[in-house]
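Subject: the model I promised you

Hi,

Here is the structure I said I would pass on, so please open it next to this email. My notes follow below.

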Amino acid sequence: MQDEMLETAPHSFRWNESQLRFISCPDCHADRHVPVLKRHDRLFIVRCARCGLAFVYPQPSTEELARFYKSGYFGGNSDFHRGTDYFEQRRKGIEAGALTGAALLANLDLTGLRVVEIGAADGALLAWCKSRGAAEAIGIEFTEEAAAWGRARYGLRMICSALDENAFPAGSVDLVIAIDLIEHLQNPKSFMAACAKWLVSGGRLAILCPNGSAISFWGKRWIGVQENMEHLTYLTRRQFVRWAKEFQFVLERHSYEGCPLRRAQYRSAGSRTHRILHEPHKAAYNTMIKLLTAVMPASSRHQQEMILRRL
Ligand SMILES: [Zn+2]
C-alpha cells in the first residue's frame, strides 16, 4: 500500500524544544537504544537495546507535560476528543454502559469493593462502578476542571494531583483502574510498583492502553503514532508479562481490539447507503482497511486491555 493512499491527520503539533530531555530507558535505565520511527512532532520512538521497551526520545520535561495537560486537555484543544462536550457525553454513557473501560470491568463483581481510578478524568467510570455496587470509589486526576466535575456531578472523592505512590496505604485497595493512562506516564514501571503496593492480595489492576506491538505491523501507518503526541511509551503484552512477574501479578485476562488504521471520514451525512453512493472511493478504501486488518493477527490491533490479579 502506498503512503499517499493512506489518510493521515493534519499535524502541526510541536513541543517546546528547550523543554526536551534525553532520558535513559524508563524501565531498565540503559542508555543504548535503536530508533524505530519518527513521529509527527519530530520526536523519535526508540527501542531499548537491553530490555526492548519502546519509548519516546527525547521526552518533554515534566513541566512541559504539566503545561500541556493544564491547557485544556479535556476542552478540545488537543487530539483528545477534539471539539466534543466530553464530560456531558460521558455522563450519558454511564447508564448506557457505553464508557471506555466498562466492557473490561463488566465481568467483575464490584460489590463492596474499594475502587481507585488513576487518571479518572471526570469520574464517569467510577460513578458507573458505584452503580454496580462498589463501596468506595476514589479518583486521582491531574486536571482540576475534570476532578471538580466528578465531585459536583457524581459526589465522588476526586484527588487533584499527579500520581503519588503514597496516595493510598498498602493493601487498602481492591481494584485499581487505569484507562488510557499508563502510556502517558514518564515512569510506567513505578506505577506498576505503586499498584502492587496498594492492592490487597487477590486485588485486581485493570489496564486499557494502546498496543505497542502495532508498531511492528504498521509503522507510521498506525494511528497510535499519528495522534496523541503526549504518549511516552508504547507497551506490549510481553512488557506487561514481565512486569507482572516482577511485581507479583498474574495476567488473568488480556485481549487486543480496535482498528489500527485511519478510516476515511465521509463528508456527507445521512444513511450508510447514501454515503457510499456519494463517496464510493471512501467506501472502497474503508472496505480495504477492514479486509486488511481482518486477516492480520490480533496482536496487530490498535489497543490492548487486561486484568492483572495481585498474588
Ligand atoms: Zn530498557
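Val116 sits opposite Val176 of strand 9, so let me start there. This is a predicted model, by the way, so read everything below in that light. Strand 6 and strand 9 run parallel and share 3 bridges. On the other side of the story, strand 9 also pairs with strand 10, again in the parallel sense, over 6 bridges. One of the pairs to look up there is Ala178 with its bridge partner Ile207 in strand 10. Strand 9 is mostly covered, with 7 of its 7 residues buried.**The bigger sheet**

Strand 9 belongs to an open sheet of 7 strands, with the order 8-7-6-9-10-13-12 and mixed pairing. Strand 8 (157-160) and strand 12 (249-257) are the edge strands: each has a single partner strand, so one side of each is left without a neighbour in the sheet. On average, neighbouring strands here are turned by 15° against each other, direction ignored.

Strand 6 also pairs with strand 7, in parallel, through 5 bridges. Val115 is opposite Ala137 of strand 7. Two helices to look at next are helix 6 and helix 9. Helix 6 (residues 188-198) packs on the sheet and touches strand 6, strand 9, strand 10 (199-210), strand 12 and strand 13 (303-310). The direction of helix 6 makes about 150° with that of strand 10. Helix 9 (residues 237-246) packs on the sheet too, touching strand 12 and strand 13, and its direction is at about 170° to that of strand 12.

**The core**

Which residues have the most contacts inside the largest nonpolar core? They are Val115, Val176, Ala178, Cys195 and Ile215, in a core of 72 residues. Val115 and Val176 have come up already: Val115 as the residue opposite Ala137, Val176 as the one opposite Val116. Leaving aside residues up to four places away in sequence, Cys195 touches Val176 and Leu205.

**Helix 4 and what surrounds it**

Helix 4 (residues 124-131) is mostly covered, with 6 of its 8 residues buried. The buried ones are Ala124, Leu125, Leu126, Ala127, Trp128 and Cys129. What covers them includes helix 2 (86-96), helix 3 (102-105) and helix 5 (144-154), along with strand 6 (114-118), strand 7 (136-141) and strand 9 (173-179).

The packing of helix 4 with helix 2 is worth a look. The two helices meet at an angle of about 20°, with their axes 9 Å apart. That angle makes helix 2 roughly parallel to helix 4, and the crossing is right-handed. Helix 2 contributes Arg90, Arg91, Gly93 and Ile94 to the contact, while helix 4 brings Ala124, Ala127, Trp128 and Ser131. Just past the end of helix 4, Gly133 has a positive phi of about 105°.

**The smaller sheet**

There is also an open sheet of 4 strands, in the order 2-3-4-11, and its pairing is antiparallel. Strand 2 (33-38) and strand 11 (233-234) are at the edges with a single partner strand each, so one side of each has no neighbour in the sheet. Strand 11 is joined to strand 4 (residues 54-57) by 2 bridges, with the two running antiparallel. Phe55 has Thr233 of strand 11 as its bridge partner.

**Backbone oddities**

As a reminder, most residues other than glycine have a negative phi, and most peptide bonds are trans. Here are three places to check against that.

- The peptide bond from Tyr57 to Pro58 is cis, with omega near -10°. Pro58 is in the loop between strand 4 and strand 5 (59-60).
- His29 is not a glycine, yet it has a positive phi of about 65°. His29 is in the loop between strand 1 (20-21) and strand 2.
- Asn228, also not a glycine, has a positive phi near 55°. Asn228 lies in the loop between helix 8 (223-226) and strand 11.

Are His29 and Asn228 buried or exposed? His29 counts as exposed because it has 12 other C-beta atoms within 10 Å. Asn228 has 18 other C-beta atoms within 10 Å, so it comes out as partly exposed.

Have a look around and tell me what you think.

Cheers

How values were computed
Residues are numbered from 1 along each chain as its sequence is written. This is a predicted model: local features need pLDDT of at least 70, side-chain atom pairs count only at pLDDT 80 or more; totals for chains, interfaces and linings use all residues. A residue is buried if 20 or more other C-beta atoms lie within 10 Å of its own, exposed if 12 or fewer, and partly exposed in between; C-beta atoms are placed from the backbone. Two residues are in contact if their C-beta atoms, placed from the backbone, lie within 7 Å. Two strands pair if DSSP finds at least two bridges between them. Axes are lines fitted to C-alpha atoms, for helices over the stretch in contact, and angles run from 0 to 180 degrees between N-to-C directions. A nonpolar core is a set of buried Ala, Val, Leu, Ile, Met, Phe, Trp, Tyr and Cys residues joined through C-beta atoms within 7 Å. Angles under 35 degrees count as roughly parallel, over 145 as roughly antiparallel, 65 to 115 as roughly perpendicular and the rest as oblique. A crossing is left-handed if the near helix is turned anticlockwise from the far one by less than a right angle, and right-handed if clockwise.
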